[in-house]
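Okay, thanks for squeezing me in. I'd like to walk you through some strands and then some charged pairs, so let's get the picture up.

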Amino acid sequence: SWSVATGDLQAQWSANEWNDGIVSSPSGKLVVSWANYVGVELNLRDPLTGDQLGSLRATSLDIRDVVFSPDGQRLVCCLDPRDGSAKAVEMWDLPSRRRLGSVSGQFHGFSPDGRTLLTVERGVVQIWDVTEFSEVMRFVDDLPARAAAWLGDGTRILVHQPVAQPG
C-alpha cells in the first residue's frame with residue numbers, strides 16, 4: 001500500500017497469483033482478491049501482511065466485481081457469465097463466512113444505510129434485504145428498466161428506462 005499523503009510505499013506483499021481484482025473493506029482491515037482464470041475463490045487477506053485469512057467460493061468463474069456493504073459485514077460478488085447466461089449477485093455474511101444466497105440480476109448498489117441492495121433483472125428493479133437476502137420490493141413498469149441507483153438518503157431510487165418511440 002502507498003501513502004497518499006507522502007507517496008511512500010508503506011507495505012508490500014505478494015499473493016503468488018495474478019489478480020483480476022482487489023477491493024478493500026470500509027475499515028481497511030480486510031482486502032478481497034480474485035482471479036477469474038484460477039477458480040472461483042475470493043481470497044480474504046490482511047492488507048498489511050498479505051496473509052490469507054480465509055476464502056469464499058463463488059459459483060462462477062466470471063466475477064465482474066466484488067463490493068463490501070457500508071458496514072463491512074456483507075460481501076457481494078457480481079457474476080457476469082461469458083456464456084450468455086443471466087448475471088447474478090451472490091452475497092456472504094463475512095463474520096460467519098456463510099453464503100447467504102444468490103439471485104439473478106445486475107447489482108446496482110447498497111442503500112446508504114447498508115440494509116438493502118438494488119438489482120435489475122430483465123427490466124425489473126428489485127430491492128433485497130441484506131440480513132436474510134430476501135426480496136423487499138419490486139418495481140415493474142411498461143418500459144423495462146436498464147439501470148437503477150439510490151438517491152440521497154435511500155428513500156428513493158432513480159430508474160433508467162428507454163424512451164418510448166412515438167408511434
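Before I start pointing at things: when I say two strands pair, I mean that DSSP finds at least two bridges between them. And keep in mind that what you're looking at is a predicted model.

So, strands. Start with β1, residues 21–24, which runs antiparallel to β2, with four bridges joining them. If you want one contact to hang your eyes on, take V23 in β1: its bridge partner in β2 is V32. Together β1 and β2 make a hairpin, and there are six residues between the two strands. Look for G28 in that turn, because under the phi convention its value is positive, at about 80 degrees.

Now go to the other neighbour. β3, which is residues 41–45, also pairs with β2 in the antiparallel sense, and here again we have four bridges. The pair to find on screen is V31, sitting opposite R45 of β3.

What about the two faces of β2, residues 31–34? Both of them are covered. On one side you've got V31 and S33, on the other V32 and W34, and all of these are buried. So the V32 that partners V23 and the V31 that faces R45 belong to opposite sides of β2.

Okay, charges. As a general point, side chains of opposite charge can pair when their charged atoms come close. How many salt bridges does the model have? The count is six, and I'll show you some of them.

One is E90 with R99, with N to O at 3.3 Å. Is E90 buried or exposed? It's buried, at 0% relative accessibility. R99, on the other end, is partly exposed, with 36%.

Another is E121 with R122, where N to O is 3.5 Å. E121 comes out at 16% relative accessibility, so it counts as buried, since the cut-off is under 20%. R122 is exposed, at 74%.

And then there's E135 with R138, where the closest N and O atoms are 3.0 Å apart. Here E135 is partly exposed at 35%, and R138 is partly exposed too, at 46%.

So if you take a picture home: a β2 strand with both faces covered, β1 paired to it and β3 paired to it, plus salt bridges such as the one between E90 and R99. That's me done, happy to spin it around for anyone.

Key: Residues are numbered from 1 along each chain as its sequence is written. This is a predicted model: local features need pLDDT of at least 70, side-chain atom pairs count only at pLDDT 80 or more; totals for chains, interfaces and linings use all residues. Side-chain values use heavy atoms; hydrogens and water are left out. A salt bridge is a side-chain nitrogen of Lys or Arg within 4 Å of a carboxyl oxygen of Asp or Glu. Buried means under 20% relative accessible area, exposed over 50%, partly exposed in between (1.4 Å probe, protein chains only).
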